[in-house]
Each structure stands twice: as C-alpha cells, then as structure tokens.
Amino acid sequence: MALRAILWALCLIAMAAFATWQLRGGHTGIDADILSLIGQENADPNGPQSDIATVRHLLANDGRQAIFMLSHSDRDTLETAATDFADRIAALDGTQAITLPGHNNDRFADLMALYSPHANSLLSPSDREELTDGNAETLYRRAIQNLYSPATTLSSQSLKQDPFALLPAFLSDLGAKLGTGNDVIAQGGQFYLPVMASLSPDLRSSGNDQRWVTGANAALQSITDATPGLSVAKTGQIFFAVAEASRAQSDVQRIAIIATIGILVMIGLVFYSPLPLFGALLVVGSGLLAGLAAVVAIFPAIHAIALVFGATMIGISVDYALHYLVLRSDAGSPVDRLRKIRPGLSLGLLTSVIGFGALSLSPTQLLSQIAVYSVAGLVAAYCSVLFLLPLIPARDVRPSSPILKLHDGLQAILGKTFAPIRVRLIASAAIIITLALSAFLIPGNNDIRQFGHGNDALISDAGKIADILGLGGSPVFIRIDGTNPQDRLETGEAVRDALTPLIADNRLGGMIGLSDLIPSITRQTENRDLVTTGLYDRFGTALSDQLPVTITAPDKAADYLIPDDNTARALPEIARLHSNGSDIIRLRNATDIDAISTALGDIENVTLINPPIAISNQFAAYRLWAWIALGGALCVAAILAVLRYGLSTGICVFAAPAGAILFAVLGGYAFGIAQSFFTTMALFLVFAIGADYVLFLAESRNGPHDDDTRLAVLLSLISSVLAFGLLATSSVPLVRDIGSVIAIGLIGAWFLAFWMTAPTKNNTQTQNQRGQE
Amino acid sequence: MIPIRRLIASVATVALLTSSMTGTARADDIPAPATIGTEQYLGGSFTMDRHLDGFDKPLTSNGDFVLSPTKGLVWRTLAPFPGTTILDDHGITRIDDQGNRDELARGDQFRQFVELISAVLAGNWQPLEQHFDIARDTTESNAWQVILTPKDGSTIQNQISKITATGTDFVENVRLEKPAGDHDAIALSGQSLQSLPLPPEFANLLTGAGQ
C-alpha cells in the first residue's frame with residue numbers, strides 16, 4: 001500500500017510540475033474572454049464560415065477598441081484636454097494606437113499616396129451620376145473653380161494625377177460613409193470629441209485588461225480634475241468585461257471563503273480533529289490538479305469557464321473522501337474499510353465518467369475541456385481515496401457531534417416517508433416521463449445578455465456615446481460570401497445600391513463596406529470609361545488651356561486599386577470589413593430590419609446577421625448538445641443500475657439522480673431561473689453527485705456500515721449546498737443561476753437517494769444507537 | 001477616418017486668417033491695423049497667384065471680397081472664371097457662375113472661423129497662438145509684418161509650412177507656403193471699412209449658404 005501511495009504521490013507531483021510548466025511557461029494560455037465561448041467549434045477548417053464564426057471575428061475586432069467621449073462647452077479647452085488625455089492613454093501598456101480627430105495628418109498623406117494614382121478610377125456616387133447623366137460640364141466647372149478657390153486641396157502633385165479634382169469628392173463621400181467619430185461634434189451647445197483607443201490583440205487574453213482599465217480610469221479622473229466643466233464617458237467591451245469579471249470574482253471569493261469556513265466547521269464538528277479535514281483536502285486537491293494537468297496537456301488554450309466548471313467537481317470528489325473518512329476505526333484495517341466502500345465508490349466514478357465523457361462527444365471545445373477536466377479530476381480523486389487516505393490515521397465520528405444529532409433527526413423523519421417498492425417504481429416511472437417532457441416542454445432562454453449583471457454607469461455611457469456618434473439601432477451586419485474577392489466587391493456594390501434608398505428614408509443610418517474603400521475592378525473600369533469619355537475627351541483640351549501642363553487621358557491599361565497588403569497597410573479599416581474569406585458590410589442605426597432584409601432579397605451570397613441572435617442560437621445548440629449528452633449518460637446509468645441491482649431496484653436507483661435532475665429543472669423553472677446552456681451544464685453536476693449519493697447508499701444498504709454511508713452522504717450534501725447554495729446569492733446572474741439549480745437539485749438528490757434505497761427490512765438504526773451497542 | 005473635411009477646413013482657416021488680417025493685426029510694438037467693428041465689414045479686391053511646384057507660370061485669378069466678423073467671408077473670383085467661395089458659420093460653400101452650390105464642408109465647428117477672425121480683428125492673437133508660432137516685425141516702409149509658423153505637432157503643419165502677411169492700415173500681401181513647394185501669393189487692394197448691411201449681391205450669397 002505504501003508503495004502505491006508513493007507512486008501515486010509521485011504522479012501527482014509530476015502532474016503539478018507539468019501543469020505549472022505549461023501555464024507559467026506560456027505553453028498553454030488561459031482564455032478569460034467571453035468571446036472564446038462562441039465560434040470555436042471542432043469543425044472542418046475548410047468548410048464555409050458559420051454565422052457565429054463571423055460574429056466572433058467581428059466582436060473580437062470591435063472588442064479591441066475603447067471609445068472615450070470627452071465634452072465641453074469650449075472647443076479649444078476640449079481639444080487641449082483631449083490631446084492631453086490621448087497622450088496618457090497612448091502611454092498605457094496595451095494601447096496599440098490612438099485615433100484623435102485632427103491628429104491624423106500622416107494618415108491623410110498615406111491615403112493620398114494610395115488613392116491618387118487611381119483618381120480617375122474612383123468616383124463619388126454623385127460624380128458618377130453626373131457623368132452617367134451626361135452632366136460632365138458640371139464637374140469641369142468645379143475643376144476650374146477648384147484651381148482658383150482659396151479653399152482647396154489643390155497641389156502640383158494632385159494637378160498631375162487628378163486634374164478634374166475627382167478624388168476630393170470621392171474622399172469626402174467616403175468620409176460621410178464612415179460616419180462621425182472623425183471630427184468634433186457639436187450638439188446642444190456642447191462640443192464632443194471622441195478619443196478611440198485600439199488595444200493590443202493579446203491584452204485581454206493575457207489578463208492585463210484590469211491593469212489597462214485601471215490606468216484608463218486614472219487618466220480620465222486626472223483630466224476631469226484638471227479641466228473644470230469637462231464631461232467624460234467611455235465604452236468598449238473591455239470595460240464591461242473587467243467590470244463583470246471583477247464582480248464575479250468578488251462574489252466567488254466571498255462565497256468560497258464562507259463555504260470553506262462552513263465546511264471546515266462542519267468537519268470539525270463531526271470529528272473534532274483536523275486529520276479528516278486534511279484527508280478531504282488531499283482528495284479534492286489531487287482531483288483539481290489532475291484535471292488541470294489533463295486539459296493543459298490536451299488543449300493549447302483553456303477557457304476560464306471550463307476551469308470553473310471543472311473545479312465544481314470539488315462537490316463530487318469531496319463525496320469520495322467523506323465516504324471513506326466517516327467509516328469507524330473499529331471497522332477493520334484501512335484495507336478492510338476501503339473494501340467496504342470500494343464498490344459504491346467505483347460505481348459512482350463510473351457513472352460520473354460516463355456522464356462527463358458524453359460531453360466530450362459534443363462539437364464544442366468548451367464542453368470537451370469541461371469533460372476532460374472532470375473525468376481526469378474524478379479519476380485522480382478516486383485514486384487518492386484508494387492510495388492516500390488509508391495512510392491517514394482514522395478518526396471516529398464523535399457521538400456528541402451536533403451534525404450527528406442532526407443526521408439522526410433527519411433519519412427519523414425520512415424513515416416515516418419510506419414507501420414500498422411498488423410505490424417507488426410508480427414514482428420512478430413518473431420521474432422518467434416527467435423529466436423527458438420537461439426537457440422538451442420547458443422553454444430555454446439562451447440570450448447571452450441575461451448572463452451578465454450589467455453595469456448601469458457603463459450602459460448609460462454606451463447609450464450616450466451611441467447617440468452622439470449615431471451608432472444606435474440594431475447591431476446587424478451583412479456578410480458577403482464568395483471565393484473571388486472581385487465578385488465579393490461587386491456584390492458589395494449591389495448591396496450599396498439596394499440599401500441606398502433606405503439610407504435616404506432614414507430607415508438605415510449608414511453603411512460601410514470594403515467596396516466603398518476599394519471599388520471592384522468592374523466599377524473602376526466603368527469609372528475610367530466615364531471619366532475618359534465624359535471629361536477628358538470633352539474638356540481635356542479646355543482644361544489644358546488653363547493650366548501650364550498638358551492634360552492626357554487616363555491609361556485604361558493602368559493598374560487597378562485592389563485589396564492587397566499595400567491597401568491593408570493604408571486602410572487598417574479593412575480588417576473590420578473582412579472575415580476569413582468573407583466581406584463584411586457594417587450598418588449604422590439600422591432601425592428597419594425587415595426593410596433591409598427585403599432589399600437584400602434578390603442578391604446572392606449575402607447574409608444578414610444579427611449578432612445577439614447568432615450567439616443565442618449558438619448557446620441553444622450547446623444546450624441541446626448538453627441535453628443529448630445528459631440523456632445518453634442517464635441511459636447508460638439506467639443499464640448499469642439494472643445490471644447491478646436487478647430490474648426493480650435498478651430502476652429505483654437510476655430514478656434517484658434522474659429525479660434530482662427533474663427536481664432541479666422544475667425548481668429552477670418555478671423560481672424563474674432561465675433554462676440556459678449553463679444551467680443545463682449544472683444538471684451534470686446534479687446527476688453526478690446524485691448518482692454518488694444513491695450508489696453509496698445502495699451499495700451499503702443492509703450492510704454494517706449503512707449508517708456511516710448515510711452520514712457521509714449528509715455531510716456531502718451540507719458541503720455541496722454550502723458551496724453551491726451560496727453561489728445562489730451572487731449578483732451575477734450566470735453564477736446565481738448555476739448555484740441555484742445545483743443547490744435545488746442536490747437537496748432533491750439527497751432525499752431521493754434515501755427514499756429510493758429505503759431498507760427492505762427494519763434497519764433504520766442510527767449510528768448513535770450503534771455506538772452505544 | 002479621412003479628415004478631408006477637416007483638411008479643407010484647415011486650409012480654409014489659413015486662407016481665412018490671412019484674409020482676415022486685411023484689417024487687423026494690432027500689436028503693442030507694431031503699427032496697428034484698422035479694427036473691423038461688429039457692425040462693419042471690410043471690402044476690397046484681390047489678386048491671387050497660385051504657384052505650383054514644377055510649373056513655370058502661376059495660376060492667376062482676381063476678384064473682390066467682403067469680410068464681416070458676424071457674417072463671414074465671401075471670396076468672389078471674377079477672372080479668369082467667375083466663381084464664389086463662401087466661408088461662414090454654415091461651413092464652406094462654392095457657387096459656380098451658374099449659381100450651382102457645392103457644399104464642401106459643413107458643421108458648427110466652422111462657426112469658430114468667424115469667431116477666430118473677430119479675435120484677430122480685435123488685435124487678439126491668442127487664438128492663433130494655439131496653432132502657430134507668431135513673429136512680428138516692421139518693414140523698412142514702416143509696414144507691419146506677421147509671420148505665422150505652424151507649431152510642431154499642429155494639425156495644420158502638413159498642409160501649411162508658413163504664412164507671411166504684411167500691411168499698413170490693412171493687410172496688403174499674404175504669402176501662403178505649402179510643404180510640397182507650392183505657394184499662394186495674394187495681393188489685396190482697394191480695401192475699405194463699411195457699415196453693415198452688406199451689399200445685396202453679397203448678402204444674397206450669404207443668405208443662401210445655409211440652404
């Protein structure tokens with residue numbers, strides 16, 4: 001036994017060293033970004049991009065931007081403050097770039113360098129319309145006037161490349177399409193100036209987001225203190241994520257402290273000794289360690305949610321430890337005592353492994369990670385009970401323990417509820433049928449927005465900024481698919497044509513797509529033809545007469561402006577308008593989704609995507625997978641139970657965890673808890689722990705350590721309810737829902753475990769009574 | 001993203017500021033130009049030679065203008081091609097010889113231009129000091145000279161490298177130099193201060209600017 005213990009201890013040490021090396025050495029990342037929950041499917045990499053993958057890409061892009069809106073009644077004061085503030089934000093570690101209106105002249109030079117050689121291929125819609133309608137003379141007059149205007153961008157260089165001054169009109173139109181945010185905005189006697197910060201791609205995943213937000217808040221406070229009358233607002237996913245994480249962390253820390261103290265007190269009140277507590281911690285700790293080592297060995301990055309869910313199996317592994325620890329010291333040697341509980345322990349492990357193993361069959365990495373963590377963790381906890389706990393000196397439950405007295409009282413009450421096997425079978429059938437119906441009939445709510453607590457100040461700020469920048473309305477966007485980039489650009493132009501009437505009607509605030517920045521070659525060819533025939537052929541000579549330079553018609557064989565690395569450097573916006581082989585059209589202030597959908601009706605390869613709906617659908621799919629896995633696990637558990645205990649008893653044994661799940665589902669529904677993917681995942685915990693309860697009791701039923709097992713199950717219940725029940729007090733809906741569902745389910749599991757395994761003979765003797773014998 | 005309107009506004013601001021000096025530039029140590037009252041406007045003629053780098057001959061135009069601290073600037077080119085540019089609190093608008101309006105820039109920020117001009121007319125150089133280093137001197141003919149150089153990091157630095165304005169009672173010459181080597185030389189003449197209202201042909205143009 002000592003050898004096995006040493007070997008197992010060495011294994012645990014090796015796992016600890018490996019996990020530490022992986023995580024500290026950066027070989028495995030911990031992803032805390034909520035976006036990582038979506039769109040990371042184990043899908044064919046060569047397959048078409050899913051809506052959710054596009055949503056994830058766009059949200060990831062948008063999530064790298066923070067917007068600060070500064071306002072003041074005096075423009076100069078505002079600009080001075082904004083410049084100072086922008087410098088402070090730029091100096092923060094994690095800030096990649098700052099966009100401040102009026103401070104991007106280098107950018108203008110870059111744009112002119114990109115666009116000027118193609119000036120004759122780029123027409124604003126109004127210029128294009130004039131040329132199409134044969135009104136080229138209007139543009140010629142404008143070009144002439146531009147030569148002598150005091151307000152002009154004319155230069156010797158522009159005159160050579162763009163004598164008809166077409167490019168300023170194109171750029172002016174493009175500026176309008178891009179919307180506000182590039183200039184000072186005046187509203188209601190106040191000036192508003194947006195300062196936009198682009199964040200490093202790894203800022204959030206590296207865990208430095210909290211530090212950045214703290215620095216940004218300090219900069220805001222500083223500039224506000226230094227500038228009387230200055231108002232500020234901020235928005236960006238990073239602020240919401242940090243606020244949410246801080247709140248959740250605070251809640252979980254508070255709950256963990258209370259629960260740990262509670263469990264310590266409970267075990268202390270049972271044994272009056274620290275040794276059992278040490279044993280419990282050893283088993284739980286080895287489970288957590290092995291789970292972590294398994295996921296870091298398999299996955300290149302693990303999600304924090306997977307870690308949290310995996311860690312909740314503490315509620316199962318503590319069952320294993322308590323199951324052994326409550327055995328009386330006079331029940332034989334450690335090996336003898338272990339032998340008594342081993343069948344129940346093994347069956348409990350097998351059932352849980354089947355349940356969590358079913359999750360690994362799902363197509364989502366998140367569920368796979370939870371499955372791997374839980375299975376590895378439970379196997380390790382099981383091994384620790386077998387190999388390590390026997391080395392710890394046994395401590396008996398003290399007869400004067402108040403927990404023991406509570407246990408005896410509850411046993412007496414439960415004994416009065418016991419029913420004949422026939423009644424239990426009927427109840428089992430009712431449970432199974434009702435559970436199946438509940439799974440189908442109780443509606444799910446997969447809206448991701450319900451999971452967060454929300455921060456009133458941030459929500460208010462986001463609303464203000466959206467109003468000022470004209471970014472309200474639905475967050476829908478358009479994806480254009482196609483293997484040929486030019487085909488996609490042409491489709492983008494068709495979408496622009498289709499939606500322009502809606503913009504005129506104010507049913508759509510605006511739109512910007514890749515084809516607005518880089519027209520298709522077809523469109524550029526058309527523009528060249530229009531410019532050549534309409535302007536150069538007709539007015540080239542006349543314009544030459546006014547200039548000290550000869551005007552020559554554009555070279556129709558000249559290179560076209562195309563989306564390549566060069567354009568991507570000059571136009572970083574392209575990253576926001578492109579996603580893995582698809583083009584994206586961003587919509588602003590979309591208020592009439594039906595009209596947009598109708599307008600797009602005849603255009604092929606175009607998909608209108610609503611991010612909240614896409615995300616909700618994704619979580620609905622996750623939830624479905626979780627239910628399928630749960631159903632599969634229940635079926636396997638039923639077969640095992642029947643094989644082990646015979647048909648009647650087996651059905652009753654199986655019905656206990658099934659009933660616990662039903663209890664959790666109906667209880668959650670009654671308390672108004674949303675039936676989401678996460679609460680469905682919580683049902684796995686209910687199932688696994690419920691199965692442990694009933695298997696432990698079934699295995700010890702009518703045996704000499706029956707009452708020890710009952711006490712162990714009660715202690716497990718108290719510790720689990722302490723941990724999960726306190727989660728129900730969290731202010732974060734996601735945490736609260738999970739805690740509530742598990743707490744409700746476990747109470748049901750405890751009752752049903754006793755009720756379904758009621759002794760076949762009068763054997764309700766309490767441990768106190770036994771101790772007195 | 002593209003500050004084209006902002007750029008145009010910046011250029012226009014410089015043009016405006018140089019034009020605005022036609023009746024301004026009071027300083028303690030140089031002769032003071034005339035001040036335009038809020039109930040007055042300044043009228044005169046201009047000749048603008050636009051020198052483009054690499055071209056032998058400048059683009060020359062001439063015309064007349066009116067400037068009012070409260071109404072804005074009307075820059076009316078008469079030759080070689082008629083056309084008008086209006087800068088007022090509605091933005092920048094061009095009007096061709098057939099009356100077609102082309103709004104180049106629009107926004108409340110352009111209201112600042114007129115306010116800035118008024119400050120200049122009052123001899124208050126402070127608004128300019130935010131964006132320019134200002135050097136003042138007198139010439140041999142006892143005319144005053146103001147040289148405006150964009151400050152390092154100023155938003156206008158990439159479009160304007162230096163502005164030189166000289167004059168006596170009013171600004172008489174403005175040289176506007178650009179980084180690419182181009183420059184505009186503007187000569188102002190026949191200037192006089194008049195009381196509002198503006199002449200009808202100018203007043204009508206301003207009234208229509210916001211439409």
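A disulfide is a covalent bond between the sulfur atoms of two cysteines. Keep that in mind, because it comes up at the first stop. One more thing before you start clicking: what you have open is a predicted model.

**Stop 1: a lone cysteine**

How many disulfides does the structure hold over all chains? The count is zero. To see one cysteine without such a bond, select A:C11 and A:C383 and show their side chains. The closest cysteine sulfur to that of A:C11 sits in A:C383, and at 8.6 Å the gap is too far for a bond. For comparison, a pair of cysteine sulfur atoms has to be within 2.5 Å to count as a disulfide. While A:C11 is still highlighted, look at its surroundings: its relative accessible area is 37%, so it is partly exposed.

**Stop 2: chain A as a whole**

Now zoom out and colour chain A by secondary structure. You'll find 29 helices and 12 strands in it. Chain A has 773 residues, and 54% of them count as buried. Switch on a surface if you like: the accessible surface of this chain is about 30800 Å², with carbon and sulfur atoms making up 60% of it. Contacts across the sequence are worth a thought too. Take the contacts in chain A between residues at least 6 apart in sequence: 84% of those join residues at least 24 apart.

**Stop 3: a strand with two partners**

Select residues 65-72 of chain A, which form strand 2. Is this strand enclosed or open? Seven of its eight residues are buried, so strand 2 of chain A is largely enclosed by the rest of the structure.

Next, add residues 190-199 of chain A. This is strand 5, and it pairs with strand 2 of chain A in the antiparallel sense, over eight bridges. To find your place along the pair, pick A:S71 and look across to A:Y192 in strand 5.

Then add residues 231-235 of chain A, which make up strand 6. Strand 6 of chain A is also antiparallel to strand 2 of chain A, with five bridges between them. Here the pair to pick is A:L70 and, opposite it, A:V232 in strand 6.

**Stop 4: a helix with a buried face**

Move to helix 5 of chain A, residues 125-132. Which of its residues are buried? They are A:D127, A:R128 and A:L131. Turn the view until you look down the axis of helix 5: the buried residues fall within an arc of 100 degrees, so they line one face of the helix. Now show what lies over them. The cover includes helix 6 (136-148), helix 8 (167-178) and helix 21 (521-546) of chain A. Before leaving, click on A:G134, which follows helix 5 of chain A and has a positive phi, near 80 degrees.

**Stop 5: far in sequence, brought together in space**

Select A:D251, in helix 10 of chain A (residues 237-271). Its relative accessible area is 8%, which makes A:D251 buried. Now draw a distance from its C-alpha to that of A:V735. These two residues are 484 apart in sequence, but their C-alpha atoms are 8.8 Å apart. Setting aside neighbours within four places in sequence, A:D251 is in contact with A:S730, A:S731 and A:V732.

**Stop 6: the end of helix 26**

Go to A:S700, in helix 26 of chain A, which covers residues 677-700. With 1% relative accessibility, A:S700 counts as buried. Where does its side chain reach? It goes to the backbone oxygen of A:F696, at 3.0 Å. Beyond its neighbours within four places in sequence, A:S700 is in contact with A:H705, A:D706 and A:T709.

**Stop 7: over to chain B**

Last, hide chain A and select residues 183-195 of chain B, strand 11. Strand 1 of chain B (residues 40-51) pairs with it in the antiparallel sense over 11 bridges. Strand 10 of chain B (residues 171-177) runs antiparallel to strand 11 as well, joined by five bridges.

A good landmark is B:A185 in strand 11: B:D49 stands opposite it, and so does B:R175. Follow the hairpin of strands 10 and 11 of chain B through the five residues between them, and you'll meet B:G181, with a positive phi near 105 degrees.

Finish on B:Q191, also in strand 11 of chain B. Buried or exposed? B:Q191 is buried, at a relative accessible area of 14%. Its side chain reaches the backbone oxygen of B:V171 at 2.7 Å.

Definitions and conventions
Residues numbered from 1 in each chain as written. Chains lettered and ligands numbered in written order. Predicted model: local features only at pLDDT ≥ 70, side-chain atom pairs only at ≥ 80, totals over all residues. Heavy atoms only, no water. Helix = DSSP H or I, 4+ residues; strand = E, 2+ residues; numbered from the N terminus. Buried < 20%, exposed > 50% of the residue type's maximum accessible area, 1.4 Å probe, protein only. Polar contact = N/O pair within 3.5 Å; in protein donor to acceptor, adjacent residues only side chain to side chain. Contact = heavy atoms within 4.5 Å. Pairing = 2+ DSSP bridges. Areas by Shrake-Rupley, 256 points an atom, 1.4 Å probe, with all protein chains shown as cover. Arc of directions from axis to C-beta.
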